[in-house]
Structure formats: C-alpha cells, structure tokens
Amino acid sequence: MENTRARALDGISARWGVDALALANEYEESDFARWYADRLGTLQAILGPGRMGTSERFGCELLYVLVRAARPRIAVETGVLYGASSGHILAAMAANGQGELHSIDLGTCSGEPPYNFLVRPDLMAGWRYVVGDSRRELPRVLAGLGQIDMFYHDSLHTFEQMTWEYEIAARHLPPGGVLASHDVVTADGILGIFRENAFPAFCRRRGLNPLLAHNTGVAQWPT
Ligand SMILES: C[S@@+](CC[C@H](N)C(=O)[O-])C[C@H]1O[C@@H](n2cnc3c(N)ncnc32)[C@H](O)[C@@H]1O
C-alpha cells in the first residue's frame with residue numbers, strides 16, 4: 001500500500017505541479033481528518049460488521065489530495081451513501097477557499113444513518129444533494145451546470161453504468177478537467193473477471209493516460 005500511495009502522490013504532483021505529499025500531510029494533520037476518524041468510528045458502531053460500503057481510508061485521502069491539487073470550482077459526483085467521498089471533497093474545497101459540489105444518490109433507507117452522516121456540518125454550505133437515479137438526475141444536473149471541472153463516479157459499478165456516466169460527464173469537462181472514479185479495479189460480477197474494468201477501458205478509448213491507485217482512478221482531459 002505504501003508504494004501505491006507514493007506512486008499516486010507522485011502522479012498527482014507531476015500532473016498538477018503541486019507537492020502532493022505535503023497535501024497528504026496537511027490532510028493527516030487536519031482537524032477534519034480527526035473529526036472524520038471519530039465520526040467513522042461512530043458509524044461503524046451503529047452499523048456493526050454488516051453493511052458498510054463507505055470509501056476506504058486510502059480513497060478518501062486521495063480524493064482530498066486530488067481536489068486540493070486540481071482546485072475544481074464545480075464538481076459533480078454520483079454515489080454518496082453516508083457522505084465519505086462528499087465530505088472529503090468538501091473539506092478540500094474549503095481548504096482551497098472555493099468550490100461547490102453536486103452529489104447524486106438514490107438515497108438511504110429509513111432507519112439508516114443519514115446521507116450526510118460523514119459530512120462535517122460546517123462544510124455543507126457548498127453542497128447540493130440530489131436524490132434519484134443518476135440515469136435520470138445526472139443529465140439534468142449537468143445540463144443545469146453547463147461546464148464542470150471535475151466528475152467523480154461511485155454509484156452503481158456495472159460496466160454499462162460506469163461507461164454511461166463517464167461518457168455524459170465528459171461532454172461537460174473542459175480541457176484540463178478531472179475525471180475520477182472509484183471501483184476501477186473491482187470486477188463487475190463473474191463476467192467482469194474476463195473483461196477490462198470500465199474506467200481503464202474508457203480512458204484507453206479516449207486516449208487518456210489514467211492514474212490507477214488501489215481502487216481509485218484519476219484522469220485529466222487533454223489540455
Ligand atoms: C459505494 S456507495 C458510495 C460510497 C460513497 N461514495 C463513499 O465515499 O462512502 C454506492 C452508492 O451509490 C448509490 N447508487 C447506486 N446506484 C445508483 C444510481 N443508479 N443512481 C444514483 N446512486 C446510485 C447507492 O445508493 C450507494 O449509496
């Protein structure tokens with residue numbers, strides 16, 4: 001994992017001309033990271049060993065560093081669950097001093113912790129949460145925004161859904177825009193074992209050179 005982390009941070013440093021290790025250290029030492037670790041512990045105690053689905057620590061840290069490095073003004077994500085990725089994007093935007101996030105999810109069930117459980121309350125001002133199927137809501141949100149600076153996928157991880165979301169988001173990304181995704185390694189069911197994951201496959205078709213680290217992928221639209 002240490003090698004993967006170092007390679008990912010080097011890749012972000014090279015692409016965005018930042019010191020990504022310093023940004024990762026900033027994250028580790030932040031009040032937000034302490035608040036988040038505490039809150040995640042509470043969530044795990046509520047949920048027990050069963051349903052988690054929340055992004056792992058590596059993916060969250062990488063997302064924070066990516067947003068600090070790329071400094072998107074408008075970001076869109078699909079797949080919120082309890083807000084781990086959203087909370088990290090918003091924390092990085094707050095550190096950047098700019099940014100708004102539009103997040104789409106089917107919503108949590110009654111009796112579950114709420115969608116914003118892992119989002120620190122003072123970071124919610126720049127956040128719009130849209131409840132619904134991304135097949136219906138993503139085109140609407142993107143049409144309303146016009147151009148966006150970053151798209152992050154973490155909703156339904158089928159090949160078709162992932163490819164569809166990348167394709168539609170790509171139409172709204174300018175040169176230099178960020179296309180990022182979770183589950184870039186995980187196989188999509190049994191058949192997925194025999195075919196390439198949707199993210200590297202999409203990047204290859206579009207001539208993008210993605211950074212793949214653990215289960216997170218990052219690509220930059222050509223400038
Ligand atoms: C892996 S979880 C997201 C984890 C979250 N990003 C995090 O960092 O913890 C996947 C989420 O995608 C949502 N989802 C699944 N299919 C969807 C769809 N078609 N449209 C919108 N959201 C969907 C689920 O409701 C679930 O909350």
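Which residue places a backbone N or O atom 2.8 Å from a nitrogen atom of the ligand? In this predicted model, that residue is Gly79. The side chains of two further residues also take part in polar contacts with the ligand. Ser85 brings a polar side-chain atom to 2.8 Å from a ligand nitrogen, and in Asp133 a side-chain N or O atom lies 3.0 Å from a nitrogen atom of the ligand. On its own, the ligand would expose 600 Å², and the protein buries 87% of this area.

A wider look at the surroundings of the ligand helps to place these contacts. The ligand is surrounded by 17 residues, and Gly79 and Ser85 are among the closest, together with Ser55, Asp105 and Asp154. By character, the shell comprises nine polar, five nonpolar and three charged residues. The space that the ligand takes up is the largest pocket.

Aromatic side chains offer a second point of interest. Across the whole structure, ten aromatic pairs are found. One of them joins Tyr115 and Tyr129, and this pair counts as stacked because the ring planes meet at 5°, under the limit of 30 degrees. The centres of the two rings are 3.7 Å apart. The pair connects distant parts of the chain, with the two positions 14 residues apart in numbering. Tyr129 belongs to strand β3 (127–131), whereas Tyr115 sits in the loop that runs between β2 (100–105) and that strand.

Methods. Residues numbered from 1 in each chain as written. Predicted model: local features only at pLDDT ≥ 70, side-chain atom pairs only at ≥ 80, totals over all residues. Heavy atoms only, no water. Near = heavy atom within 4 Å. Polar contact = N/O pair within 3.5 Å; in protein donor to acceptor, adjacent residues only side chain to side chain. Areas by Shrake-Rupley, 256 points an atom, 1.4 Å probe, with all protein chains shown as cover. 1 Å grid on protein atoms, 1.4 Å probe; cavity = no way out; pocket = protein on both sides within 12 Å on 5 of 7 lines; lining within 4 Å. Sits in = over half its atoms within 2 Å of the grid points. Nonpolar A, V, L, I, M, F, W, Y, C, P; charged D, E, K, R; others polar. Phe/Tyr/Trp six-rings, centres within 6.5 Å; stacked < 30°, edge-to-face > 60°. Helix = DSSP H or I, 4+ residues; strand = E, 2+ residues; numbered from the N terminus.
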